[in-house]
Amino acid sequence: MAVKLPEVEESELNMTPMIDIVFQLIIFFLLSLKFKTIDRRIESMLPKDRGLAPTPSFPEDFLKVKIKVFRRDMDDTEKAYTLVKIDNDSTTFSLPMNWKGHEKETADRVAEYDGKIAAIRSIVAGKMKAHGGNPEEVKGEIVAPPPKGGAVPHGDVVQVLNIFLELGMLDVVFEGAASPLTTTERNARSAGG
Amino acid sequence: MAATDVIPPSEDAKLNMTPMIDITFLLVVFFMLTIDLSTKEYIPVELPYATEGVEDKEDPNTIVPRFIVNLTREGKIIFRGQEFDLASADPGIQDDNIQALKTALRQVHNEGGGTALLREPDGASKVPVMIHADWGAKWKYVQWIMQACADPQIKIYKLHFAVKKPPTEDGN
């Protein structure tokens, strides 16, 4: 029996579903398009040879500039601030509790922060100059003695590190917080269950 | 609803879809090529400012993308979708989380079996770790992350600290 097929008027593809899908794809890529959040970085190299030795040794003709950072009143988030001490100098600097540019800081607070950082930088620069002025012969050390050192905000430490880098001292050592448990404590803990 | 509201479609008024589809496909291809899925790994944090930060460019010799360790202000590490909370009051739990982070770092480093390619002859890793930490995170947490990286079983010594360019008054 012969079946008569209906005559096709125009063999046209139905584009609508395809366009729908393509638009959805566009929307997906548009939404997942995220602009880069970081544009800058500080590169650093952990010491391979001495590992995590507690007191790294320096050659004798090198000048060591030690900057100690503490968090004062660390239990009180309203009053907490960072205290900076250079070598064993009697002058200390207290950085304002919050951080420049953040937390809707007032302009004078930011200026105070910048001023103190600049003061620390000039002291470090003075020490470097007195030693001959070659930054390669100066080693920086950032000491954060536990427990108060460990509570210093990361941003304050980066600022201190930045001072060393600005002056061309690329050899900076971090000293401070030990891991929460010692190996002995960890073994005792896992043995106990 | 009245039937008279419907306007009968006229036969001849047909849009030519082809140019629109062409453009649309071009857009799709553009977005597919420009999308950088690695930025998805960054958790939004307030980065510290540093004038000496260098531009964050990808190293052309890179073999695998660097590992991104996020640290929030509260002390929570986010690494490859896993969370490790360091802010516990119990040093035992803090230590457990650091050990878990070490395990995760080791696992990720051994992924794909390309271990030999990723190591220098002395065993040090060629893959850097990007520490993407909030400015307000406690420094000891950052130090713990550094210690985890330098673990003899992980041996990652290259670190990047994510920083922001400080805002300047003159707009530079």
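How many bridges join strand β2 of chain A to strand β3 of chain A, and which way do the two run? Let's start there. Six bridges hold residues 63–72, which are β2(A), to residues 81–86, which are β3(A), and the strands run antiparallel. If you want one spot to look at, find V69(A): V84(A) in β3(A) stands opposite it. Oh, and before I go on, what we have here is a predicted model.

Okay, now zoom out from that pair. β2(A) and β3(A) belong to an open sheet of five strands, and the order goes β4-β3-β2-β5-β6, with mixed pairing. At the edges you'll find β4, residues 92–95, and β6, and each of those pairs on one side only. From one strand to the next, the twist averages 20 degrees.

What lies across that sheet? From chain A there's helix α2, residues 107–130, which lies across β2, β3, β4 and β5 and runs at about 150 degrees to β4(A). Chain B joins in too: its helix α3, residues 139–149, lies across β5 and β6 of chain A, at about 110 degrees to β6(A).

Now the second sheet, and please watch the chain letters. This open sheet has seven strands, in the order β1(B)-β1(A)-β6(B)-β5(B)-β2(B)-β3(B)-β4(B), again with mixed pairing. See β1(A) sitting in that list between β1(B) and β6(B)? At the edges are β1 and β4 of chain B; each has a single partner strand, so one side of each has no neighbour in the sheet.

Let's walk through a couple of pairings. Inside chain B, β2(B) and β5(B) are parallel, paired over five bridges. One of the partners to look for is M130(B) in β5(B), which goes with I68(B). Helix α3(A) packs on this sheet, touching β1 of chain A as well as β5 and β6 of chain B, and its direction makes about 75 degrees with that of β1(A). There's also helix α2 of chain B, residues 91–110, which touches β2, β3, β4 and β5 of chain B.

Across the chains, β1(A) and β1(B) are joined by two bridges and run antiparallel. Here R41(A) has V54(B) as its bridge partner.

Stay on R41(A), please. Which residue does its side chain meet in a salt bridge? That would be D56(B), at 2.6 Å from N to O. Side chains of opposite charge can pair when their charged atoms come close. D56(B) sits in the loop between β1 and β2 of chain B, while R41(A) is in strand β1 of chain A, so this pair joins two chains. Over all chains the count is 13 salt bridges, but between chain A and chain B it is one.

Last bit: the whole interface. On the chain A side, 58 residues are in contact with 67 residues of chain B. The buried area between them is about 5,900 Å², with carbon and sulfur atoms giving 64%. R40(A), R41(A) and H154(A) lose the most area to chain B, together 15% of what the chain A side buries.

There are also 16 residue pairs in polar contact between the two chains. Several elements of chain A supply at least two residues each to the touching side, including α1, β1 and α3. The largest share, nine residues, is from α1(A). And by class, the chain A side has 29 nonpolar, 14 polar and 15 charged residues.

Technical notes. Residues are numbered from 1 along each chain as its sequence is written. Chains are lettered from A and ligands numbered from 1 in the order in which they are written. This is a predicted model: local features need pLDDT of at least 70, side-chain atom pairs count only at pLDDT 80 or more; totals for chains, interfaces and linings use all residues. Side-chain values use heavy atoms; hydrogens and water are left out. Contact means heavy atoms within 4.5 Å. Buried area is the accessible area (1.4 Å probe) that two parts lose on being put together, summed over both. A salt bridge is a side-chain nitrogen of Lys or Arg within 4 Å of a carboxyl oxygen of Asp or Glu. A polar contact is a pair of N or O atoms within 3.5 Å; within protein, one must be able to donate a hydrogen and the other to accept it, and residues adjacent in sequence count only if both atoms are side-chain atoms. Helices (H or I, at least four residues) and strands (E, at least two) are DSSP runs, numbered from the N terminus. Ala, Val, Leu, Ile, Met, Phe, Trp, Tyr, Cys and Pro count as nonpolar, Asp, Glu, Lys and Arg as charged, and the others, Gly among them, as polar. Two strands pair if DSSP finds at least two bridges between them. Axes are lines fitted to C-alpha atoms, for helices over the stretch in contact, and angles run from 0 to 180 degrees between N-to-C directions.
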